[in-house]
Amino acid sequence: MKTFCGRANPTTGALDWVEASEEYDYHQEIARSCYADMLHDHDRNIKYYEGIRAAVRRVKARGERVVVLDIGTGTGLLSMMAVTAGADRCYAVEVFKPMAEAAQTIVKKNGFSDKIKIINKHSTDVTVGEDGDMQEKANVLITELFDTELIGEGALPSYEHAHLHLVQAGCEAVPHRATVYAQLVESELLWSWTQLQPLQVGEGEGQRGARLLPPPALTRCAGAHSVCDIQLSQVHPGSFTALSPVCTMFRVDFSKPVSTSPQSHSSHFLVESSGRAQVVLSWWDLHMDPEGHIVCSMAPSWTYQDPSSAPWRDHWMQSVYFLPAERSVTAGEELSLTVCHDDYSLWFSVQPRSFQTEAPPPRPCCTCQAHLIWNRPRFGELNDRRRTESFVSALRSVLTEDSVCLSVSDGSLLPVFAHALGAKKVFALENSRMSKQVVQQFLESNSMSGGVDLLEIRPEQLSSKELGGEQISVLMAEPYFSTSLLPWHSLFFWYCRTALSGLLKPGATVLPGSASLHLLGVQFQDLWRIRAPCGTCEGFDVSPMDHMVQHSLDFRESREAEPHPLWEYPCRALTDPSPVMTFDFTQCLPQQPVSSQGSLPFIRDGCCHGVALWMEYQLTKDIRVSAGLNGPISEQGACQWTRHRKQGVYFLRTPWESSGDGSASLTYSLTFQPQTGDISVDFGVSSE
């Protein structure tokens, strides 16, 4: 059955009504899922297998029949491991219907249907009894309910319910327990993701400028409570100073009843180095057996004696938590690091060890609104001094004392810069009342109230009346829009510029004057795993899973590029980077599609897994800002990517082994559809 769905178009800004299958959301979730990543995680798989074998042996040694409950079975892999290890009966619970159906097919294909029952329910809805989903309670509990924060996917409520209703007292559990670790650090890089730093706008002889300070409400704000999950292995240890040892914060024993009630745990330590306590780095490990001989660790690679031996995984990463406020600490000082958690999330605080209180620290809550409109990469972007200098230099080169400016970006500081640089009048279009209020706070804290007219109005609704009869001489944008996912979604600025054309003064400056879409063929160090078919996993045929994912990828939107922050995912360039499409913002949006075809020779040997795509913006003739590569590619092909924006990634269906001698090329065909804002992409390989 087909249905019409309303979707906000991030490029055109319009609400589009599109015909979609009733299973559209299922296919999107499957296509963008981490199932392949988990199946390719050999370290995880083998540790689970070892833990399951050991648990089955312990139950058999007691002379008991082995009955397994597998919550969140996914493909059914862990249940098949259990039966292979000697389990008599497995109840495999999977709430996601397409996944449960795939598990049913996989279990049957591997010949385990007589011993594994797939239950398509949430585990808290499973019943036990003669007429229930389970005929008996289990004595082995197997789960994979974890996320980067350990408990963020509802592991604690599921465990609590299982121990009350689905498993026997004293059951075996795989994993047996989890341990959460944390380290207190000072990091200018990471702290810049949650607190806005003072900005210098113009300086030097004969230049008007100002030092702009963040609003007091922002500097006092505890920030957003949500975890920042990243590939911490890609944050170089030189980017932070450790103020504490790695602390063991708490453990959860999954073989015993688990509580969802809020809890707090503290670890005491001596400060290792004087500095500013700002950030907590955290990860966890799983002990698959009671003795702790079988350990699956999420520790970042720089904690390993040999970093290259650290297993890579994207379904479980590491966590960064920002303290509610930074504080100075002195080497040798005694401190307590406290973690609190409810049933879904964690938060941290630091106190002197002598500090005594019965009430645990409250969950951080944003009171300034900035953390609600700017995400972590956006904070980092606003704090990027080099980027700010580029925009300030570009503005200074085009502004005069008679300039009337209009800014089109979400929660942007460009209008503040323009006012500080002496523009006659500055207007700014804001997409929400909240972003308008944040910019207003910034103006007030720098004694600029009234210097910028903030208009909560859409570009096509703006008239000369709102501008006080003024004509715009400088139309500016970063461009940044909170709805953007893929690099070219920033072309929304082109639609805005076209809608505003009647309000522009003849010869008006448009900044940036143009944008270009760039691409290069890449070999990923690890990211390829999230889309690679599995075939056989630890001896079990999981190919039906591959077919299901491929079927979902064949749906329209899933065939497009997908956004990834490539600074977290190392890759090698196998071709030279190249601009493949240019968008001239000094002109209105074209009526006809814009197409580009060509090829890029492979100049390095390696396996081409896909294509990286990003936008670059030509602010003026001499000033360019990149939302992708931010440094030269090394001779070996290593790439440096901005931390502020996600790039587009298109995975080739069949990776190509390049010899690097130029005999083969990456071919591309791209078409920009002005009516829809879509850029259709098609890539392939041609060889002589």
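This passage describes a three-stranded sheet and the cysteines of a predicted model. Residues are numbered from 1 along each chain as its sequence is written, and side-chain values use heavy atoms, with hydrogens and water left out. Because the model is predicted, local features need pLDDT of at least 70 and side-chain atom pairs count only at pLDDT 80 or more, while totals for chains, interfaces and linings use all residues.

We can begin with the sheet. Strands β31, β35 and β36 form an open sheet in that order, with antiparallel pairing; strands are DSSP runs of E with at least two residues, numbered from the N terminus, and two of them pair if DSSP finds at least two bridges between them. The edges are taken by β31 (594-601) and β36 (678-687), each with a single partner strand, so one side of each has no neighbour in the sheet. On average, and with direction ignored, neighbouring strands are turned by 15° against each other, the axes being lines fitted to C-alpha atoms. Between β31 and β35 (residues 664-673), which run antiparallel, there are eight bridges. Ser 596, for instance, has Leu 670 of β35 as its bridge partner.

Turning to the cysteines, the count of disulfides (pairs of cysteine sulfur atoms within 2.5 Å) is zero. For Cys 366, the closest cysteine sulfur belongs to Cys 221 and lies 3.9 Å away, too far for a bond. Cys 366 is also buried (under 20% relative accessible area, with a 1.4 Å probe and protein chains only), at 14% relative accessibility. The sulfur of Cys 496 is 12 Å from that of Cys 588, its closest cysteine sulfur, and this is again too far for a bond. Cys 496 is buried as well, with a relative accessible area of 2%.

Notes
Helix = DSSP H or I, 4+ residues; strand = E, 2+ residues; numbered from the N terminus. Axes fitted to C-alpha atoms, helices over the stretch in contact; angles between N-to-C directions. Buried < 20%, exposed > 50% of the residue type's maximum accessible area, 1.4 Å probe, protein only.
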